[in-house]
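Visitor: Could you take me through one charged pair in this structure, up close? I'd like to see what it joins and what lies around it.

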Protein chains: 2
Amino acid sequence: MATTSVSSSFVPLAASACVAVSPSLLHHRLRCSGQLDTGFVFRNKGIRGVNWSRRSVVVVRGSVGAEEEEVAMGHKEANWVEFPKLSPAGKHLMETVAGMMDKDLADLINPSETDPDVRSFKGGNGEGSVTLRAGRAGSKIDFVLGSWLNCTLAFGTLNIATLIAMLGPEADSPHLLFEFIQSGPDNLVLVLDLLPRKDLVLNPEYLARYYEQSGLEALRQTFEQHPQTQPFLTSALYVRSVVSPTALLYKVSGEGVEGGIDSVIADLVEPTAVKVFQTWVDSYKNLGQAMDSDAVAYMKNRDDLIKTKGVEVDLSSNMPRLFGQEIADRVVAAFRKGV
Amino acid sequence: MATTSVSSSFVPLAASACVAVSPSLLHHRLRCSGQLDTGFVFRNKGIRGVNWSRRSVVVVRGSVGAEEEEVAMGHKEANWVEFPKLSPAGKHLMETVAGMMDKDLADLINPSETDPDVRSFKGGNGEGSVTLRAGRAGSKIDFVLGSWLNCTLAFGTLNIATLIAMLGPEADSPHLLFEFIQSGPDNLVLVLDLLPRKDLVLNPEYLARYYEQSGLEALRQTFEQHPQTQPFLTSALYVRSVVSPTALLYKVSGEGVEGGIDSVIADLVEPTAVKVFQTWVDSYKNLGQAMDSDAVAYMKNRDDLIKTKGVEVDLSSNMPRLFGQEIADRVVAAFRKGV
C-alpha cells in the first residue's frame, strides 16, 4: 500500500535514532524532486490579524515571560545540546526548551555518556549530533535525547531538531516528544506532544487527568485558529496512533508575515512550546500514578513498542540513506543503549 | 475546561441514543446564535478541478457501480430504516448503505423490536426515529442501529442520519460508525470510520490488518485532497481517541459547485461510503480473529466504555434539550436494550 511502502522516489527523511517516533512523520512526504511536498496541501488562509507579527527585523526572542526568560538565559551555561544549524528564532526556541529540560530534570538525569562519534557525525548528505542522557537509578526518567540533523537534499536543506524525554515505569506520566523540522526558509513542521502511556479509550480517567484538565487542548486550538498554520498529518498510521488527541502537529508558514517564519516562531511556536513543556513537567512531577506490577508490565510493553516501531520504521530504513550505514548503526546502537 | 463543560450558549447537538459516539463530534460546536459554527474555520480552497461535478440538475443518484446499484434498488423493499428529511442525494446515500447493511447482515441480525415510540418521536424542537436490531445469538454482531433526527434550531434545520454496527466479542473486527450531519443547504459533516477494538499502539498487527492493508488510508486521502472538503476535528477528546487514524472526519461544502452539495455527495461521499462499508464487511467476515478469554474480557470492557462514554457525554447531556426528558429517557433505554 502506498502509505506503508517506502518508494525510492521518496527521500528517506528520517532523522536520528533520537527520533524514535517522529521521522515517520515525514518519511513519505519529502519527495526528492526539487521541491518539498509534505503530502498535505497547504491551504490558503488569509492573514486575518492585521497586526499579526508586524516586525521590521528578524526576531530572535520569543514572547516568553520573566521565568522563561531566566531559564532561557540559564541554558546558555548548560548547553547539553545545541542547535547550530537552525535560524536564530529556531535555535533560540530549541535551546530554551533544552535549557528548561536540563534545569527541571537536573536531579533526575545523568550527564551524557554518548560516544563522541554519535554526538558529532558527518556522512552521506549531511551531518548531525545525537546526545542521550540516562535517567538516574530509581528516577522517573528513562532517558532524554537531544539531536540535530542537517541534510542537503534535492529540494534544499533539511534541518531536524529533536528533544525527547521518555519516562520509566515508576509512574504513568506521558513522554515528551518535540520535533522541529525546517525544510525551507519560510516554513516548518512542528511535532509537539505528550505521548500517552495508556490506551485512552480504555482509560478515560487518564485522558481527563493529563489532557482534558491540563490546558493542552486550548494550546492546540490556538494553533488551529492561527492564520499561519495548517494541520500536518503524517502518512505513517502508527505514528498517528501514538500521538495524543491534543498533539500539536502543524505546518507553520512565514509567508506574508513581516519577519517571516522567525517572527512566527518567536510569537507563536516558542511560547506554546514553553507552555507544553511546563505542562509536561507538571505531569511527571505531580500527576503520575503508581501502578501494580501487571499494569507496569503492560505499560512497559507499550513503551517498548513505541520505541521499537520508531526504530524499525524510521531509523533502520531511513538513516542509512541519509548518513550511510555505519553512522546509522552507530546512532541506533546509541539509542538502544540510552545513555 | 472549555472543551469538556457544556455551556448553555451551545446548542446541545446530540443526536440519538444511537449516536453512541458521534454526537460529541458536534456538541460544543453548533452555537445557538443564528449561525452554524462547527468550531473549525472552513478554510478556503480553490475549486481546482475545472470539470468537477459539473451537473445541470440536482443529483439524486450516486456514481455507484452495478453491484451497488442492485443493492440500492433492493433496499427499497427492505427499508428497515428511512431518511425522510434528507436532501435527495443524502437520502440516496444513507438508504444505499442501510440497504447494503440489511443485505450483508441478513443472516446475522434479527428484525427490529424497537418500540414504536422510539422508532418515531416528536418533541422539543424536532422529531426523529431510532431503530435497533440485535445480532442473532452467537453471531458476530452485537447490534445495528439506524436513525434520523431533524431539529429546528436558531441557525436553521439540523439533520443527523446515523448508521452504526457494533460487533460482539466473537472476533476483534472493528465497529462501523457512519454519521451524516447536514446543518445547512450547502454543507455537511461526515463521520465515517471503522472503530478499533484494541489499542493500536500496543497492537501494530491489528493496525496493519484492518487499516494499513485495507485501502482505507487511500480513501481518506481522496477526501483530504478534494477541493470541497476540510478536516473536521471534534472538540470531544474522548471521541478523537476512539476513532482510527484513517477515520473520515470531514466537513464537505457544495459552495461553488454546480449541483451544490448534492452533487458532491453523489460524486464523492456516496462512492467513498460504499467502499468503506465494503471494507468493513470484509473486515468482519474475513479478518476477525478469535481471542482467549482474557483478551475477550479486555475488549468487551473497552467496547462497553465506548458505548457508555458516548451515552454519558452525548445523549444524557444533550438529548433532553433537543427532544425533552421523556423522549431522551426512552431513546437511551432503547439503546441500552439494543434490540
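Guide: Happily! In this predicted model, A:Arg209 and A:Asp172 form a salt bridge, and their closest N and O atoms are 2.9 Å apart. The two residues come from distant parts of the chain, 37 residues apart. A:Arg209 sits in helix α4 (residues 204-212) of chain A, while A:Asp172 belongs to the loop between β4 (156-167) and β5 (175-184) of chain A. Both A:Arg209 and A:Asp172 are buried. As background, side chains of opposite charge can pair when their charged atoms come close.

Now look across to chain B. There, the side chains of B:Arg209 and B:Asp172 meet in a salt bridge, at 2.9 Å from N to O. Once again distant parts of the chain are linked: B:Arg209 lies in helix α4 (residues 204-212) of chain B, and B:Asp172 in the loop between β4 (156-167) and β5 (175-184) of chain B, 37 residues apart. B:Arg209 has a relative accessible area of 9%, so it counts as buried. B:Asp172 is buried because its relative accessibility is 0%.

Back in chain A, the pair has company. Salt bridges with shared partners join A:Asp172, A:Lys198, A:Glu205 and A:Arg209 into one network. Over all chains, a search of the whole structure finds 32 salt bridges.

Another of these makes a useful companion to your pair. The side chains of A:Glu217 and A:Arg220 meet in a salt bridge, at 3.0 Å from N to O. These residues are three apart in helix α5 (residues 216-225) of chain A, so about one helical turn separates them. A:Glu217 and A:Arg220 are both buried.

For the nonpolar surroundings, try A:Trp280. Among the residues that A:Trp280 touches are A:Pro174, A:His175 and A:Leu176, along with A:Ala165 and A:Leu167. A:Trp280 and A:Leu163 have the most contacts inside the largest nonpolar core, which has 90 residues. Helix α7 (residues 260-287) of chain A gives the most to this core, with 12 residues. A second, separate core has 89 residues, including A:Ile164 and B:Val281.

Finally, the strands on either side of the A:Asp172 loop, β4 and β5, also have a place in a wider arrangement. Eight strands of chain A form an open sheet in the order β1-β2-β3-β4-β5-β6-β8-β7, with antiparallel pairing. Its edge strands are β1 (121-123) and β7 (229-231), each of which pairs on one side only.

Definitions and conventions
Residues numbered from 1 in each chain as written. Chains lettered and ligands numbered in written order. Predicted model: local features only at pLDDT ≥ 70, side-chain atom pairs only at ≥ 80, totals over all residues. Heavy atoms only, no water. Core = buried A, V, L, I, M, F, W, Y, C linked by side-chain atoms within 4.5 Å. Buried < 20%, exposed > 50% of the residue type's maximum accessible area, 1.4 Å probe, protein only. Helix = DSSP H or I, 4+ residues; strand = E, 2+ residues; numbered from the N terminus. Contact = heavy atoms within 4.5 Å. Pairing = 2+ DSSP bridges. Salt bridge = Lys/Arg side-chain N within 4 Å of Asp/Glu carboxyl O. Lists of a residue's contacts leave out its neighbours within four places in sequence.
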